[in-house]
Amino acid sequence: MSAAAASPGPLPPAPVWLPGGQLQTIWPALFSRRHASGRPPVWARERWSTPDGDFIDVDRLPPSRDPKAPLLVIFHGLEGSSSSHYAQAFAECAAQRGWDCALPHFRGCSGELNRAPRAYHSGDFEEIGWMLTRLTQGRPGPVHAVGVSLGGNVLLRWAQESGEQAARQLRSIAAVCAPLDLAAAGDAIGRGLNRLIYTPMFLRTMKPKALAKLAQHPGLFDAERLRAARDLREFDDVFTGPLHGFAGVDDYWRRASSRHRLAEIRVPALVINPRNDPFVPADSLPAPHEAGGAVELWQPAHGGHVGFASGAWPGDVRALPQRVCDWLQGRTV
């Protein structure tokens, strides 16, 4: 490894029975173990009213008896929720350590359509900032945050915009498989095998939500263009970008990407990107000299997109949360 290369980090190697980034993405999400007991975490849901008259739903684990217990905040990925495999694995990790845990859902991702003429997006740092202010206000113990995929990019964008204030609110943050360069990631999802597997999977839920939003707010966007969208680029050009103040998809992807402002981050931040992630091309990843002093890059050879299965068949996804939480817990400010 050259002096300029990012660290692979202390993550276990991929199992020999699970080769390649595609299998390492799909199999863990569907079949690998994510909790020791075999039972998913039991969440309690809170509904928060937003400043613009909308709502978000926040799922929490039962609180620790220690009022100074650390809090782990999880930000999910595109179309994710507290039921996502990584959310369940991180929640169990937090509970095992005696930490409190909260997962705020992005608008429209908790199972009920939100009310406002907007949804969520990869650069929604103001929304995350509002969530974190509510979660940290008056809390005596340390707060850590982890963002996965889209949630990781949004978390990094919040840290960039917040500057020194981020370190006053949070002890440390981590971004797992974040699409740091949204144009590179969006184009990758729209090509080859990805276009056949993942593009239909995402659009299968995103298009109906968008059309339901149009029924709430007639005239919000062009329904025919939305129905004709064949990939995330076309979807974001007609829906995500314009609804959230961007001129279109290129403006959205450029301004919402976190890669080129990593050096502005002032809170300890771990950024994990496997080099075989089907969604995030290896040549779009930052080098250490781009990251700045507060950011540590782990770029292992394997892991897929939020896969990181390890061990014997059918694999286990709990090693990643353990390593990430070890890193979060070890940071000081």
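How many nonpolar, polar and charged residues are in the lining of the largest cavity? This tour of a predicted model starts there, then moves to two helices and one glycine.

**The cavity**

Select His-85, Tyr-86, Ala-89, Phe-90, Val-306, Gly-307, Phe-308, Val-317, Leu-320 and Pro-321, which line the largest cavity. The elements that each give two or more residues to this lining are α2 (85–96) and α12 (319–330). Colour α2 separately: with 4 residues, α2 gives the most to the lining. By class, the lining has 8 nonpolar residues, 2 polar residues and no charged ones. The space inside the largest cavity is about 50 Å³. The count of cavities of 30 Å³ or more comes to 1.

**Helix α4**

Next select residues 150–162, which form helix α4. The helix has 13 residues, and at 1.5 Å a residue they should span 18 Å; the end C-alpha atoms are 18 Å apart, so the two values agree. Show the surrounding chain as well: 11 of the 13 residues are buried, so α4 is largely enclosed by the rest of the structure. Among the buried residues are Leu-150, Val-154, Leu-155, Leu-156, Trp-158 and Ala-159. The buried set also includes Asn-153, Arg-157 and Gln-160. Step past the end of the helix to Gly-163, which follows α4 and has a positive phi, near 60°.

**Helix α7**

Now select residues 192–216, helix α7. This helix has 25 residues and reaches 35 Å from its first C-alpha to its last, close to the 36 Å expected at 1.5 Å a residue. Where in α7 does a kink lie? Centre on Tyr-198: a kink of about 30° lies there, shortly before the proline Pro-200. Tyr-198 is also one of the buried residues of α7. Others to display in the buried set include Asn-194, Phe-202, Leu-203, Met-206, Lys-207, Ala-210, Lys-213 and Leu-214. An α-helix has 3.6 residues a turn, so residues three or four places apart point the same way. To see what the buried residues of α7 pack against, add α1, α6 (182–189), α8 (223–228) and α9 (232–243) to the view.

**Gly-21**

From α7, move to α1 (residues 21–30), the helix that holds Gly-21. Is Gly-21 buried or exposed? Its relative accessibility is 13%, so Gly-21 counts as buried. Leaving aside neighbours within four places in sequence, display Asn-276, Pro-278 and Gly-304, with which Gly-21 is in contact. To finish, draw a C-alpha to C-alpha distance from Gly-21 to Asp-231: the two are 21 Å apart in space and 210 residues apart in sequence.

How values were computed:
Residues are numbered from 1 along each chain as its sequence is written. This is a predicted model: local features need pLDDT of at least 70, side-chain atom pairs count only at pLDDT 80 or more; totals for chains, interfaces and linings use all residues. Side-chain values use heavy atoms; hydrogens and water are left out. Buried means under 20% relative accessible area, exposed over 50%, partly exposed in between (1.4 Å probe, protein chains only). Contact means heavy atoms within 4.5 Å. On a 1 Å grid over the protein atoms alone, a cavity is a set of points where a 1.4 Å probe fits but cannot get out, and a pocket is an open set with protein on both sides within 12 Å along at least five of seven lines; lining residues have an atom within 4 Å of a point. Grid points are joined across faces, edges and corners, and a volume is the space filled by probe spheres set on the points. Ala, Val, Leu, Ile, Met, Phe, Trp, Tyr, Cys and Pro count as nonpolar, Asp, Glu, Lys and Arg as charged, and the others, Gly among them, as polar. The expected span of a helix is 1.5 Å times one less than its number of residues. The bend at a residue is the angle between axes fitted to the seven residues ending there and the seven starting there.
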